[in-house]
Amino acid sequence: MTAETTPWIRSAFWTGKVKAGAEERFRQHMESVLVPGLKALPGVQDVSALWPRNLEDSPPDIACQVLVRFANRAELDRMLSSDERRHLRPQVLEAIGMFEGSISHIEFVTGALTGTPISHPEL
């Protein structure tokens, strides 16, 4: 597999806690606004929101993890630089307003790459 043919996933970790009293509103916003908004961005194949239930080995407080799937690195880069992504920002800020913590992103390849390691822009 090469960078051009290897699927990628961009994962957003919402580490912390949803503000008290906003739990249902936060989940609804993620599922009915952000997930569909992300699915509509250029290059995106699919989006899933994951909600932790069974925790082992004292993991950090993760309120939600969002997985955004791409056919390859070029499609991920296309999404990152899109105007549509910038237009989704107010809806992301609305979710952040219901949240106490941090959001971090990790990009994964879903198969083994061959050849030179791929560099990536700052996340």
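This tour moves through a predicted model, from its nonpolar core to one helix and then to a pocket.

Begin by selecting Trp14, Phe26, Met30, Cys64 and Val66, which, among the 28 residues of the largest nonpolar core, touch the most other members. To see where this core draws its residues from, colour strand S1 (8-18), helix H1 (23-39), strand S2 (44-50), strand S3 (62-70), helix H2 (73-80) and helix H3 (83-96), each of which supplies at least two of them.

Next, centre the view on Phe26 and show its surroundings: setting aside neighbours within four places in sequence, Phe26 is in contact with Trp14, Val18, Trp51, Cys64, Ala95, Met98 and Phe99.

Now select the whole of H1, a helix of 17 residues that reaches 23 Å from its first C-alpha to its last, close to the 24 Å expected at 1.5 Å a residue. Pause at Met30, where H1 bends by about 35 degrees. Then pick out the buried residues of H1, namely Phe26, His29, Met30, Leu34, Val35, Gly37 and Leu38, and display S1, S2, S3, H3 and strand S4 (99-109), against which the buried residues of H1 pack.

Finally, turn to the largest pocket, whose volume is about 460 Å³. Select Leu38, Arg85, Arg89, Val92 and His105, which are the closest to its centre of the 19 residues that line this pocket. Extending the selection to the elements around the pocket, S1, H1, S3, H2, H3 and S4 each supply at least two residues of the lining, and H3 gives the most, with 6 residues. Leu38 is a useful place to end, as a buried residue of H1 that is also listed among those closest to the pocket centre.

How values were computed
Residues are numbered from 1 along each chain as its sequence is written. This is a predicted model: local features need pLDDT of at least 70, side-chain atom pairs count only at pLDDT 80 or more; totals for chains, interfaces and linings use all residues. Side-chain values use heavy atoms; hydrogens and water are left out. A nonpolar core is a set of buried Ala, Val, Leu, Ile, Met, Phe, Trp, Tyr and Cys residues joined through side-chain atoms within 4.5 Å. Buried means under 20% relative accessible area, exposed over 50%, partly exposed in between (1.4 Å probe, protein chains only). Helices (H or I, at least four residues) and strands (E, at least two) are DSSP runs, numbered from the N terminus. Contact means heavy atoms within 4.5 Å. The expected span of a helix is 1.5 Å times one less than its number of residues. The bend at a residue is the angle between axes fitted to the seven residues ending there and the seven starting there. On a 1 Å grid over the protein atoms alone, a cavity is a set of points where a 1.4 Å probe fits but cannot get out, and a pocket is an open set with protein on both sides within 12 Å along at least five of seven lines; lining residues have an atom within 4 Å of a point. Grid points are joined across faces, edges and corners, and a volume is the space filled by probe spheres set on the points.
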